[in-house]
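This report introduces a structure to a reader who has not met it before. The sequence and the model are shown first, and the description follows.

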Amino acid sequence: MKLKTDRIKEFKEMFNLLYKGLQEKPEISLNFDADRITIKELDNSNISMGILNLNKSFFYEYETEPLNIGLNLNDFTEVLKRFDNKDFLEITLNNNDLIINKINNDFKTEFKLKTLEIENK
């Protein structure tokens with residue numbers, strides 16, 4: 001899997017809104033297919049549902065096989081806070097690690113988040 005985007009402002013805003021709506025549910029499931037990333041989660045009280053569909057056109061590079069990974073939403077949004085709007089975002093998967101690269105000019109900062117096993121719903 002390899003995803004790249006320079007649309008950091010929008011990317012951060014989408015995940016911050018999802019985080020605010022699901023604050024009591026830190027673990028989310030991301031479904032990747034050939035055309036999009038889909039997140040559909042209920043909060044723990046089953047009152048609110050957060051839905052996010054990111055089409056592959058949002059990214060200037062989108063390569064993935066169909067897969068489903070679990071992620072701690074709080075950790076992911078904390079990493080995104082370190083990005084400026086002028087940065088580039090690159091996401092890859094290495095075994096059980098989600099590798100998130102912040103790229104600005106020739107400088108690259110790497111963050112690793114462990115993926116989680118999430119029960120299928």
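A residue is called buried when its relative accessible area is under 20%, and exposed when that area is over 50%. The model described here is a predicted one. By this cut-off Asp87 is buried, because its relative accessible area is 0%.

**The surroundings of Asp87**

Asp87 is part of the loop that lies between helix H2, residues 73-80, and strand E7, residues 88-94. Two polar contacts involve the side chain of this residue, and they are set out in the table below.

| Group on Asp87 | Partner | Distance |
|---|---|---|
| Polar atom of the side chain of Asp87 | Backbone nitrogen of Asp84 | 2.7 Å |
| Side chain of Asp87 | Side chain of Asn104 | 2.8 Å |

When residues up to four places away in sequence are left out, Asp87 touches Asp6, Ile8, Arg82, Lys102, Ile103 and Asn104. Asn104 thus appears in the list of residues that Asp87 touches and also as a partner in a polar contact between side chains.

**The four-stranded sheet**

Strands of a sheet pair through backbone hydrogen bonds, and the pairing may be parallel or antiparallel. In this model, four strands in the order E4-E3-E2-E6 form an open sheet, with antiparallel pairing. The edges are taken by strand E4, residues 49-55, and strand E6, residues 67-72; each has a single partner strand, so one side of each is without a neighbour in the sheet. Averaged over the sheet and with direction ignored, neighbouring strands are turned by 20° against each other.

Within this sheet, strand E3, which covers residues 36-42, pairs with E4 over seven bridges in the antiparallel sense, and Lys40 stands opposite Ile51 in E4. The hairpin of E3 and E4 has six residues between the strands, and in this hairpin Asn46 takes a positive phi near 60°. E2 and E3 also run antiparallel, joined by two bridges, and Phe32 stands opposite Ile37 in E3. A hairpin of three residues connects E2 to E3.

**Helices across the sheet**

How are the helices placed against these strands? Helix H1, residues 8-21, lies across strand E2, residues 27-32, as well as across E3 and E4, and H1 runs at about 160° to E4. Helix H2 lies across E2 and E6, running at about 80° to E6. E2 is therefore a strand that H1 and H2 both lie across, given that contact means heavy atoms within 4.5 Å.

Definitions and conventions
Residues are numbered from 1 along each chain as its sequence is written. This is a predicted model: local features need pLDDT of at least 70, side-chain atom pairs count only at pLDDT 80 or more; totals for chains, interfaces and linings use all residues. Side-chain values use heavy atoms; hydrogens and water are left out. Buried means under 20% relative accessible area, exposed over 50%, partly exposed in between (1.4 Å probe, protein chains only). A polar contact is a pair of N or O atoms within 3.5 Å; within protein, one must be able to donate a hydrogen and the other to accept it, and residues adjacent in sequence count only if both atoms are side-chain atoms. Two strands pair if DSSP finds at least two bridges between them. Axes are lines fitted to C-alpha atoms, for helices over the stretch in contact, and angles run from 0 to 180 degrees between N-to-C directions.
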